[in-house]
Amino acid sequence: MKRQIMSWQTIESKHILKTSFIGVREDLRTAPGFGQHSFYILEFPDWVNVVPVTKDQQLVLVRQFRHGLAAFNLEIPGGIVDPGESPQKTVVRELVEETGYVPETVELLSKVSVNPAIQDNWCHLFLATGCQLTQEQQLDGTEDIAVELVPLAQLPQLLAQGEIHHSLNCLALSLAWSKLIQ
């Protein structure tokens with residue numbers, strides 16, 4: 001027998017913090033049989049991640065310091081979708097800015113919710129093929145990114161050994177791998 005679940009109704013919503021990058025919102029909600037409870041929502045803009053592959057089957061990866069873990073991470077390029085910008089435009093812009101590589105083709109792999117329990121944003125995962133180095137990096141004020149080329153064939157090993165451990169990166173790389181080895 002399928003259990004009927006209740007929809008929560010918002011009674012009140014207020015911002016605890018609001019910046020151009022993040023908002024923290026408290027929603028007071030109620031549902032039959034549950035009473036009233038506060039839920040905290042992290043508001044972020046959508047972002048993109050891209051798996052860039054060169055013509056000679058090299059992954060274009062980036063290594064950068066990540067403040068959440070206070071460590072250097074090996075990742076795929078990505079970034080925030082600017083207001084009014086499409087994810088398709090963002091992915092090319094971010095790839096060029098972070099790496100200097102320009103793709104021949106860009107394909108959407110998936111659109112995934114980042115953490116729907118507490119976040120309101122989406123991550124758009126792309127595969128970019130035929131990437132060629134055409135210019136210097138154009139890094140933002142707080143970015144310090146090293147570009148690393150890795151043979152595509154080494155991807156399963158990088159994932160299995162935890163060299164790449166960002167969950168959304170792992171998903172994008174797994175989806176791209178499935179598409180590329182067909």
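Which strands and which helix do the buried residues of H3 pack against? Here are some notes to get you to the answer.

1. First, a caution: this is a predicted model. The protein chain has 3 helices and 11 strands, and if you read along the sequence you'll meet them in the order β-β-β-β-β-β-β-α-β-β-β-β-α-α.

2. For a feel of the dimensions, the C-alpha atoms of the protein chain fill a box of roughly 60 × 45 × 30 Å along the principal axes. Of its 182 residues, 38% are buried. Take the contacts between residues at least 6 apart in sequence: 59% of them join residues at least 24 apart.

3. Now have a look at helix H3, residues 167-180. Its 14 residues reach 20 Å from the first C-alpha to the last, close to the 20 Å expected at 1.5 Å a residue.

4. Buried in H3 you'll find Leu168, Asn169, Ala172, Leu173 and Ala176. They sit on the same side of H3 because they cover an arc of only 130 degrees around the axis.

5. Back to the opening question. The buried residues of H3 pack against five strands, namely E4 (47-54), E5 (58-66), E6 (71-75), E9 (105-113) and E10 (122-133), and against helix H2 (155-160).

6. Lastly, the outside and the charges. The protein chain exposes about 10600 Å², with carbon and sulfur atoms supplying 54% of that area. As for charged side chains, there are 13 positive and 21 negative ones in the protein chain, and the centres of the two sets lie 10 Å apart.

Notes. Residues are numbered from 1 along each chain as its sequence is written. This is a predicted model: local features need pLDDT of at least 70, side-chain atom pairs count only at pLDDT 80 or more; totals for chains, interfaces and linings use all residues. Side-chain values use heavy atoms; hydrogens and water are left out. Helices (H or I, at least four residues) and strands (E, at least two) are DSSP runs, numbered from the N terminus. The expected span of a helix is 1.5 Å times one less than its number of residues. Buried means under 20% relative accessible area, exposed over 50%, partly exposed in between (1.4 Å probe, protein chains only). The arc is that of the directions from the helix axis to the C-beta atoms. Contact means heavy atoms within 4.5 Å. Accessible areas come from the Shrake-Rupley method with a 1.4 Å probe; for residues, only the protein chains shown count as cover. Lys and Arg count as positive and Asp and Glu as negative; His and the chain ends are not counted. The place of a charge is taken as NZ of Lys, CZ of Arg, CG of Asp or CD of Glu.
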